[in-house]
Amino acid sequence: LGDGPASRGRRDARQELTMLKILALAALVLGAAAPANASLVTNSLTGNSLTTNALNSNALTATGAALDDLDGVRVEAVALPDAAR
Amino acid sequence: VSPRAAGLLAALAALTLAGPPAAAAPDAAVRSVAVAGTSFRITLADGRVLAQAELPGTVLVIGDGSGRQRRVRIDTVERDPRDPAGEAVLYGLSREDPATGAWTSLCEPDPDGRRLGFPLPGAFTPDGRQVEAPGRFLVTCTGGAEGKCVRFGYKPWGTAPDGSPLAPYYQACVRLVRADYCGDGVGHTENGTPIDLFDRVGVQADEPAAGMTFEAAFGPEGAVCVRHARWRPLVDLDALAARCPRLAGRLGEGCDEGAAALLYVRSYPR
C-alpha cells in the first residue's frame, strides 16, 4: 500500500515541492542579504571608524607627565634577559 | 630589587648608540641599541639582531646625558593592529622606582584602556617642534599626542599614498591633536575631547562626523586658520588673536576646508 507508481509520483512531487521551497527561501535570504552587505560596505564602521577616520579623543599632554624625562633621551646601557643571550 | 633584576643590572652594557658610556657594568653581549620606526633594535656583539619576541625582560637604562638615568623595562611586545603596514610595534613598558625598586607601568591607559608605548627617533623641543637628534629618541604612550599621530598613519619616517613625506604631517598632527594653535607648545583642549581630523594626501579620509563642525586647519607651525576654538572656555578667538598675532585675519568664518594646510579638524562646538 502506498508504494505503487501513483504513490511514488506523489512523493516525488512533494520532494520536488520541498526543494523548490528551499530554493525560494535561499533566494529570499540571498536577496535580503545583498543590500545589507552593500550597506555595510558603503557606510561601514570601518570606513568611518574610530581608527580609520580618527574620531578620537585627543590628548593635551604631549607624552604624559610621567614621561617628561624620556624626551630626547638615549639608551646608555642595557640588560638582556637570560633567554636573549 | 629582585635577584633576577639585580643579575640583569649587573650585566648592563655600554652602547655605541649612547656616546659616552653610562655608569653601568659593561656587557660585551650588546653592540648597539637603535630606534627604527617605533621599535627598539638591539644588535648583539656577534652581529645578531634580537627578534622583537626576544625583547621582553630587557632593561634599558635611559639617560639624557646629564647623569640622571631611568631604568625602563620592556614587558611585552606586539604589532600595532591598527597599522595596515604591520611595521609599528607597541610595547608594554615599566619603569623602576629608584627609591623602592618597584616597577610600575610607564604609560597611563589610552582611550582603549591599554598601557602601551613606543620609542620615536629624535626629540621634541619645549615649543613642540620635533627635531632630529642622532642617537636620541623619545618614548611616547599610545594615549599621548605623539603616539596617537603615528597610529593615525602619520609616521614621521614614512610617505603618504601620494608620495608626500609624512614628517610635516606628523608635526602638524601633534599640533592639531593638542589644539596648539599658536605653534608654541601650548595646548588648548581637554583630555578626552573628540576630534575628527582629515587630510588631502590619502591618510585620513574626509568623512564628516555628525554634529561636528569645522574647527581649524593646521600646518607644522600650528594653526593656519581657526574657525572656532575647540574649547571656548579655554581660549576664544579674541584671545587667540592676542596670543598669536600671525593668526590675525585668519580667525572666524573665513576659515574653512579650503584653506591651504596639511591637516584639517572638526570638533563639537563647545
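1. A good place to start is helix α3 of chain B, residues 167-177, which is mostly covered, with nine of its eleven residues buried. Please keep in mind throughout that this is a predicted model. The buried residues of α3(B) are B:Tyr169, B:Tyr170, B:Gln171, B:Ala172, B:Cys173, B:Val174, B:Arg175, B:Leu176 and B:Val177. Note that this list has B:Gln171 and B:Arg175 in it alongside residues such as B:Val174 and B:Leu176.

2. Just past the helix there is a backbone detail worth a look on your screen. α3(B) is followed by B:Ala179, and the phi of B:Ala179 is positive, near 50 degrees.

3. Next, the charged pairs. Over all chains, the count comes to 18 salt bridges. One of the pairs is B:Arg71 with B:Glu96, whose closest N and O atoms are 3.6 Å apart. B:Arg71 belongs to strand β5 (residues 69-79) of chain B and B:Glu96 to strand β6 (residues 89-96) of chain B, so this salt bridge ties together parts that are 25 residues apart in sequence. How accessible are the two partners? B:Arg71 is partly exposed, at a relative accessible area of 29%, while B:Glu96 has 11% relative accessibility and counts as buried, because the cut-off for buried is under 20%.

4. Staying with β5 and β6, have a look at the loop between them. B:Arg151 and B:Asp80 meet there through their side chains in a salt bridge, 2.8 Å from N to O. B:Asp80 sits in the loop between β5 and β6 of chain B and B:Arg151 in helix α2 (residues 145-151) of chain B, so the contact ties together parts that are 71 residues apart in sequence. Are these two partners buried or exposed? Both B:Arg151 and B:Asp80 are buried.

5. A further pair brings us back to the region after α3. B:Asp184 forms a salt bridge with B:Arg243, and the closest N and O atoms are 2.7 Å apart. Distant parts of the chain are linked here: B:Asp184 is in the loop between α3 and β12 (194-199) of chain B, B:Arg243 is in helix α4 (residues 237-243) of chain B, and the two are 59 residues apart. B:Asp184 is partly exposed, with a relative accessible area of 30%, and B:Arg243 is also partly exposed, with 39%.

6. Finally, do look at a group of charged residues together. B:Asp196, B:Arg200, B:Asp206, B:Glu257 and B:Arg266 are joined into one network by salt bridges that share partners.

Key
Residues numbered from 1 in each chain as written. Chains lettered and ligands numbered in written order. Predicted model: local features only at pLDDT ≥ 70, side-chain atom pairs only at ≥ 80, totals over all residues. Heavy atoms only, no water. Buried < 20%, exposed > 50% of the residue type's maximum accessible area, 1.4 Å probe, protein only. Helix = DSSP H or I, 4+ residues; strand = E, 2+ residues; numbered from the N terminus. Salt bridge = Lys/Arg side-chain N within 4 Å of Asp/Glu carboxyl O.
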